[in-house]
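Thanks for making time, everyone. I'd like to walk you through a structure I've been looking at, so let me put it up on the screen.

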Amino acid sequence: MHFNSSLTQIESLPLTSDLTPDDGEIDKDSVEIPLTRHSVTALATDGNSLGQRNNSLVNQKSEELHNTFLAHKQERQLVILQDFPDPDALSSAWAYQLIAQEYEIKCDIIYAGALSHQENIALVKLTGLPAQRWTLQTLKSKELSSYQGFVLIDNQGTTSQLVPVVQQAGIPLVVVVDHHSLQSDLKSEFFDVRPSVRATATIFTQYLQAGLLALDSSRNQHIKCATALMHGLRSDTNRLMQAQEEDFMAAAYLSRFYDAQLLNAVLQANRSKRVMDVIERSLKNRTVQNNFSIAGVGYLRYDDRDAIPQAADFLVTEENVHTAVVYGIVHDEDEELEVVIGSLRTTKLTLDPDEFIKEAFGQDSSGRFFGGGRTSAGGFEVPMGFLSGGNENSAYAKMKWEVFDSQIKQKLLRLVNPRDNPIQPE
């Protein structure tokens, strides 16, 4: 397999990571295109640099997924993404939907949060990516009995508030495809979780190469999906700088189909003034210890949630800083809910974001971790429960923030510098 000039083009493009959607609903019906089924018994022989072991695993998983699709032919499924899906999740879900159409399976791609990151908004709008925002109220108003299964892409159900409702409705879990570390004990008909792979988009590109769907450069929808997959792969590998052989092979395959100008338009989306304000707050409030930069940014609107990972991306570029953690209280006025949301970015190879966040924040009463991560990045989400709301009283809101700010710092700093107690007794 050879890299062509189009792949070289994208390596010079800028990247902002940990991206997500806006809260306007993208309610477009999927375009049903008749596709030709292809054999999935062998990986496409576009190159032979992948090891025999990887080839065997890809073939095995592709065959299993093929059989799963055959068993659910002509059904209807919900593809559930994390509440704030990034390009990796969005593009992978789209690829799943296109593959499923080969088996006359209709999929609705849904998320509960918001597309607030400027690149995610651009990705969805410019490509027509068929993702829809369903709040809990929207989900409860739907006739869920019309769905015969649900699917988790780029998550394992711990980052979506929609999953418990779907499970309570008795809808079975059919497929899980993810590249994050195991988060919970899931029982799914098809299960492909590979933490060693840098992006879920890589896994889906391997499915395409294996023959589950033959991309056609004459089909506009295929070009746009390939562009989205390239964006997802690129964002989760830090512009391919953290990519492994599998990721490069996937990018080389996608380079035959993606639209470089369209991808460039997505990546050129400008930061909003509110995002810049949050970055400024993170600079003013940061505490630096042992090469860790920790910053609380106070209250944010639900729609501005993605300013937090962008601020972490910025802080980690400071000299003598290898890890940055930024967090804030995100307020959803519609739901009257508040949650502490944080993002971690690191350039330290020996720091595992998943282990660090899980050790720092632990689990809730039901055994679910408050956060996790992947290579170089992670995040956490802590519901505020009874203390949610009530921000019309500025003095109370300030006091509440100070309590949570101190608690988050204490949990982080006990790992950063275990000998120091960040909260000194009187």
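So, helix α9, residues 245-254: this one is mostly covered, with eight of its ten residues buried. This is a predicted model, by the way, so please hear everything I say in that light. Which residues of α9 are the buried ones? They are Glu 246, Asp 247, Met 249, Ala 250, Ala 251, Ala 252, Tyr 253 and Leu 254.

Part of what sits against α9 is helix α7, residues 200-209, and the two pack at an angle of about 55° with their axes 9 Å apart. An angle of 55° falls outside the roughly parallel, perpendicular and antiparallel ranges, so α7 and α9 count as oblique to each other. The crossing of α7 past α9 is left-handed. On the α7 side the contacts come from Thr 202, Thr 205, Gln 206, Leu 208 and Gln 209. On the α9 side they come from Glu 246, Asp 247, Met 249, Ala 250, Tyr 253 and Leu 254. If you look at the spacing there, remember that an α-helix has 3.6 residues a turn, so residues three or four places apart point the same way.

Okay, on to the sheets. Take the parallel one to begin with: six strands, open, in the order β3-β2-β1-β4-β5-β6. Its edge strands are β3 (131-133) and β6 (190-193), each of which pairs on one side only. Ignoring direction, neighbouring strands in this sheet are turned by 25° against each other on average.

At the β3 end, strand β2 (residues 106-111) pairs with β3 in the parallel sense, over three bridges. One specific pairing to find on the screen is Tyr 111, whose bridge partner in β3 is Arg 133. And α7 comes back here: it packs on this sheet, touching β4, β5 and β6, and its direction makes about 115° with that of β5. So α7 has contacts with α9 as well as with those strands. Then there's helix α3, residues 87-101, which lies across β1, β2, β3, β4 (149-153) and β5 (173-178). α3 runs at about 165° to β2.

Now the other sheet. Again we have six strands in an open arrangement, here in the order β7-β8-β9-β10-β12-β11, but the pairing is mixed. The edges are β7 (287-289) and β11 (371-374), each pairing on one side only. The twist averages 15° from one strand to the next.

Inside this sheet, β9 and strand β10 (residues 337-346) run antiparallel and are joined by ten bridges. One of the pairings is Asp 332 with Leu 337 in β10.

While we're in β10, have a look at Gly 342, which sits in that strand. Is Gly 342 buried or exposed? Buried: the relative accessibility is 2%, and the cut-off is under 20%. Leaving out residues up to four places away in sequence, Gly 342 touches Ile 308, Val 326, Tyr 327, Gly 378, Gly 379 and Phe 380. The C-alpha atoms of Gly 342 and Val 330 are separated by 9.8 Å, and those two residues are twelve apart along the chain.

Two helices to point out on this sheet. Helix α11, residues 273-285, lies across β7, β8 (292-301) and β9, at about 135° to β8. Helix α14, residues 394-416, lies across β7, β8, β9, β10 and β12 (377-383), and runs at about 155° to β8.

A couple of backbone oddities before I stop. Gln 74 isn't a glycine, yet it has a positive phi of about 70°. You'll find Gln 74 in the loop between α2 (52-71) and β1 (76-80), and it is exposed, with a relative accessible area of 58%. Asn 320 also has a positive phi, near 70°, again in a residue other than glycine. Asn 320 is in the loop between α12 (307-315) and β9 (323-332), and is exposed at 60% relative accessible area.

Last item, cysteines. How many disulfides are there? The count comes to zero. Among the cysteines, Cys 107 is buried at 1% relative accessibility, and Cys 225 is buried too, at 2%.

That's my tour, so over to you for comments.

Notes: Residues numbered from 1 in each chain as written. Predicted model: local features only at pLDDT ≥ 70, side-chain atom pairs only at ≥ 80, totals over all residues. Heavy atoms only, no water. Buried < 20%, exposed > 50% of the residue type's maximum accessible area, 1.4 Å probe, protein only. Helix = DSSP H or I, 4+ residues; strand = E, 2+ residues; numbered from the N terminus. Disulfide = S-S within 2.5 Å. Pairing = 2+ DSSP bridges. Axes fitted to C-alpha atoms, helices over the stretch in contact; angles between N-to-C directions. Contact = heavy atoms within 4.5 Å. Parallel < 35°, antiparallel > 145°, perpendicular 65-115°, else oblique. Left-handed = near helix turned anticlockwise from the far one by under 90°.
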